[in-house]
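Let's take a walk through this model together, starting from a single side chain and working outwards.

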Amino acid sequence: MKIHLRNFALPVAVLGLIAAGLFWFFWRTPTKTTTFRTETIDHGDLLVSISATGTIEPEDVIDVGAQIAGQIVAFGRDANG
């Protein structure tokens, strides 16, 4: 049984290129470092504010009406008399 070098040359070359590429990628890539900034705990008041610009528009508009049978003679008195 003869083993021909031509049958193995291309797969060995491809595997060698893949191995070389992986070696280069993992050894050349710099390691990422994580830095943390710390602060001391401070107690104080919490201020919450909301601001908006524009026109206030209702979500739903409902017409409220009443029907009265008969003649209106007088209305009730208000807070000022």
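Please begin at phenylalanine 26, which is exposed, with a relative accessible area of 60%. Keep in mind as we go that this is a predicted model. The neighbour in sequence, phenylalanine 25, has a relative accessibility of 45% and counts as partly exposed, because the exposed class takes in values over 50%.

The aromatic rings are a good place to look next. The structure holds 2 aromatic pairs. In one of them, the ring centres of phenylalanine 23 and tryptophan 27 lie 5.9 Å apart with 40 degrees between the planes, so this pair is tilted. Phenylalanine 25 and phenylalanine 26 form an edge-to-face pair, with 5.2 Å from centre to centre and planes at 80 degrees. Going back to the tilted pair, phenylalanine 23 and tryptophan 27 are 4 residues apart in helix α1, which means that about one helical turn separates them. Both phenylalanine 23 and tryptophan 27 are exposed.

Now follow the helix to isoleucine 18, which sits in helix α1, spanning residues 5-28. Isoleucine 18 is partly exposed, at 48% relative accessible area. This side chain belongs to a nonpolar surface patch of about 1200 Å², whose members include Leu10, Val14, Leu22 and Trp24. The paired aromatics Phe23, Phe25, Phe26 and Trp27 are also among the residues that make the patch.

Finally, step back to the whole chain. The protein chain has 1 helix and 0 strands, and buried residues make up 0% of its 81 residues. Its accessible surface comes to about 9800 Å², with 60% belonging to carbon and sulfur atoms.

Methods: Residues numbered from 1 in each chain as written. Predicted model: local features only at pLDDT ≥ 70, side-chain atom pairs only at ≥ 80, totals over all residues. Heavy atoms only, no water. Patch = residues over 30% accessible without salt bridge, like charges linked within 9 Å, V, L, I, M, F, W, Y side chains within 5 Å. Areas by Shrake-Rupley, 256 points an atom, 1.4 Å probe, with all protein chains shown as cover. Salt bridge = Lys/Arg side-chain N within 4 Å of Asp/Glu carboxyl O. Helix = DSSP H or I, 4+ residues; strand = E, 2+ residues; numbered from the N terminus. Buried < 20%, exposed > 50% of the residue type's maximum accessible area, 1.4 Å probe, protein only. Phe/Tyr/Trp six-rings, centres within 6.5 Å; stacked < 30°, edge-to-face > 60°.
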